[in-house]
Structures are given as C-alpha cells and as structure tokens.
Amino acid sequence: MPRPRLYNVMEHIPGTESRYLFMDVLEGTAQARVLQPDSPEWFAWLAQLPSFHFKGKSGHFTARSEHKRHSNYWYAYRKEHRQIYKRYLGTTDKLTLVSLEQTARNLHEEALRNLPENELRTTLPQKETSQGMTLGELTFRWDDGVLVVKTPSERHFLNKAQSADLLGYLYSQREAFLKKER
C-alpha cells in the first residue's frame with residue numbers, strides 16, 4: 001500500500017467550530033497530539049516539523065520549512081490544475097491558527113480565480129447520500145470525513161486517528177481470516 005507523502009497533519013474536524021486533529025510521526029509512528037493552538041507547546045511542536053499538511057475550514061495547503069539566511073521560514077504551497085500557488089508564512093512564531101486559516105482561504109480563492117473558464121462550475125456537484133452499512137443493530141456511515149457508528153440508543157463519532165486504527169485492525173483481521181480460508 002503506498003504511504004502518504006506527509007504524515008504531519010493539522011485538520012479541522014467538520015461539524016465543529018474550532019476543533020482540529022493534530023498528527024505527526026516525530027517519534028517513529030503516526031500519533032495524534034492534543035494541542036492548544038497558539039500555545040507555547042503548539043509553537044514548540046511546529047518547530048520540530050519539517051513540513052505539514054493543513055486542512056482548514058475554507059481550504060488546504062502544504063507548509064514547508066525552508067532554511068534561508070541563517071533562519072527557518074515557512075512557506076505554504078497548493079497545487080491546483082497543474083499550477084503551484086505559494087505564500088510566505090513567516091517564522092514559526094507567526095504560525096497562529098488564524099494565520100493558517102487565512103492563508104488556506106487566500107490560496108483557495110486564488111486557485112478558484114485562476115480556473116480555466118471551461119472548468120468553472122455552474123452548479124455544485126450533488127452529494128451522494130449513503131445509508132452506510134448495517135450489521136445487526138450497528139450502522140457505519142462516513143459523514144464529511146468522519147466515521148459515524150450508530151447503535152439503537154446513541155451515535156459515536158470517530159476522529160481520524162480512531163477511524164484509521166479501526167480500519168487498520170479490520171484490514172489485518174481480514175488478512176488473517178483469508179489466510180485461514182485457504
């Protein structure tokens with residue numbers, strides 16, 4: 001299975017006002033972090049990263065730390081329709097959540113402005129509505145990137161790390177099951 005290019009991720013959790021998922025591979029394996037944005041821990045964490053992918057409320061980009069003139073500076077990159085858009089983010093101490101969200105929004109708007117006319121959308125694509133998969137009394141359904149598990153009495157929303165762990169477990173159990181069947 002191909003590995004993702006970037007394991008360091010900051011992603012807004014859809015359906016929430018200001019909750020984000022933070023993941024990295026600083027200690028060898030992918031792990032979720034609990035961070036308070038714009039805190040000293042936040043900036044110390046960012047200083048350790050060579051790059052990260054940011055997916056905000058209004059856009060996304062890849063940020064890379066580049067060494068220039070005896071210091072590290074961050075730049076945001078977004079590739080859309082074979083064109084690369086680049087923005088200067090500044091030093092690590094300037095990487096506040098507000099500035100990252102603003103940069104994502106600006107890059108998204110610039111990419112939309114530069115779409116070829118024959119690719120401009122006149123209507124929004126229709127979302128496929130899926131009822132999910134029902135097993136007994138459990139229903140599993142993806143809703144805007146969040147795995148929802150519904151029981152007869154409640155709903156559970158799994159974050160990205162929990163969903164990845166569950167899918168990894170199920171995939172490994174599937175392999176073991178198929179090997180037994182042979």
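# Strand pairing, burial and confidence in a predicted model

Colleague: Which residue of strand 2 is the bridge partner of Val-9?

Modeller: In this predicted model, strand 1 (residues 9–12) and strand 2 are paired in the antiparallel sense, with 4 bridges between them. Within that pairing, the residue of strand 2 that serves as the bridge partner of Val-9 is Met-23.

Colleague: And on strand 4, which residue is the bridge partner of Val-9?

Modeller: Strand 1 also runs parallel to strand 4 (residues 51–55), to which 3 bridges join it. Val-9 has a bridge partner in strand 2, namely Met-23, and its bridge partner in strand 4 is His-53.

Colleague: Which residues of strand 1 point the other way from Val-9 and Glu-11?

Modeller: Val-9 and Glu-11 point one way from strand 1, and the residues on both sides of the strand are buried. The pair that points the other way consists of Met-10 and His-12.

Colleague: Is His-12 buried or exposed?

Modeller: His-12, which lies in strand 1, has contacts beyond four places in sequence with Glu-17, Ser-18, Arg-19, Tyr-20, Lys-55, Gly-56 and Lys-57. Its relative accessibility is 11%, and because the limit for this class is under 20%, His-12 counts as buried.

Colleague: How far is the backbone oxygen of Thr-16 from a polar atom of the side chain of His-12?

Modeller: His-12 is placed in strand 1, and Tyr-20 is its bridge partner in strand 2. A polar atom of the His-12 side chain and the backbone oxygen of Thr-16 are separated by 2.9 Å.

Colleague: How many residues of strand 2 (residues 20–24) are buried?

Modeller: Tyr-20, Phe-22 and Asp-24 on one side of strand 2 are buried, and so are Leu-21 and Met-23 on the other, so that both faces are covered. The strand is accordingly described as mostly covered, with a count of buried residues of 5 of its 5.

Colleague: In the hairpin of strand 2 and strand 3, which residue takes a positive phi?

Modeller: Strand 2 and strand 3 (residues 31–33) pair in the antiparallel sense over 3 bridges, and one of the bridge partnerships is that of Asp-24 with Gln-31. Between the two strands there are 6 residues, and the one with a positive phi, near 100°, is Gly-28.

Colleague: What distance separates the end C-alpha atoms of helix 2 (residues 97–113)?

Modeller: Helix 2 has buried residues that include Leu-97, Leu-100, Thr-103, Ala-104, Leu-107 and Ala-111, and also Glu-101 and Glu-110. An α-helix has 3.6 residues a turn, so residues three or four places apart point the same way. At 1.5 Å a residue, the 17 residues of helix 2 should span 24 Å, and this agrees with the separation of the end C-alpha atoms, which is 24 Å.

Colleague: Which residue joins its side chain to that of Thr-139 in a polar contact?

Modeller: Thr-139 belongs to strand 9 (residues 138–143), and beyond four places in sequence it is in contact with Gln-131, Met-133, Thr-134, Val-148, Val-149 and Lys-150. The polar contact between side chains has a length of 3.3 Å, and the partner of Thr-139 in it is Thr-134.

Colleague: What is the relative accessible area of His-156?

Modeller: His-156 is found in strand 11 (residues 155–158), and it touches Leu-147, Val-148, Val-149 and Thr-151, with residues up to four places away in sequence left uncounted. Its side chain makes a polar contact of 3.2 Å with the side chain of Glu-154. His-156 is classed as partly exposed because its relative accessible area is 35%.

Colleague: Over which residues does pLDDT stay under 50?

Modeller: The average pLDDT of the protein chain is 82, and 87% of the residues score at least 70. Where pLDDT is low, the predicted coordinates should not be read in detail. In one stretch, for which the model has 1 contact beyond four places in sequence, pLDDT stays under 50, namely residues 122–128.

Colleague: What share of the protein chain's exposed area do carbon and sulfur atoms supply?

Modeller: The protein chain, with its 3 helices and 11 strands, has 182 residues, of which 31% count as buried. About 13,200 Å² is exposed, and the share of it that carbon and sulfur atoms supply is 52%.

Key: Residues are numbered from 1 along each chain as its sequence is written. This is a predicted model: local features need pLDDT of at least 70, side-chain atom pairs count only at pLDDT 80 or more; totals for chains, interfaces and linings use all residues. Side-chain values use heavy atoms; hydrogens and water are left out. A polar contact is a pair of N or O atoms within 3.5 Å; within protein, one must be able to donate a hydrogen and the other to accept it, and residues adjacent in sequence count only if both atoms are side-chain atoms. Contact means heavy atoms within 4.5 Å. The expected span of a helix is 1.5 Å times one less than its number of residues. Buried means under 20% relative accessible area, exposed over 50%, partly exposed in between (1.4 Å probe, protein chains only). Accessible areas come from the Shrake-Rupley method with a 1.4 Å probe; for residues, only the protein chains shown count as cover. pLDDT is the predictor's confidence in each residue, from 0 to 100. Two strands pair if DSSP finds at least two bridges between them.
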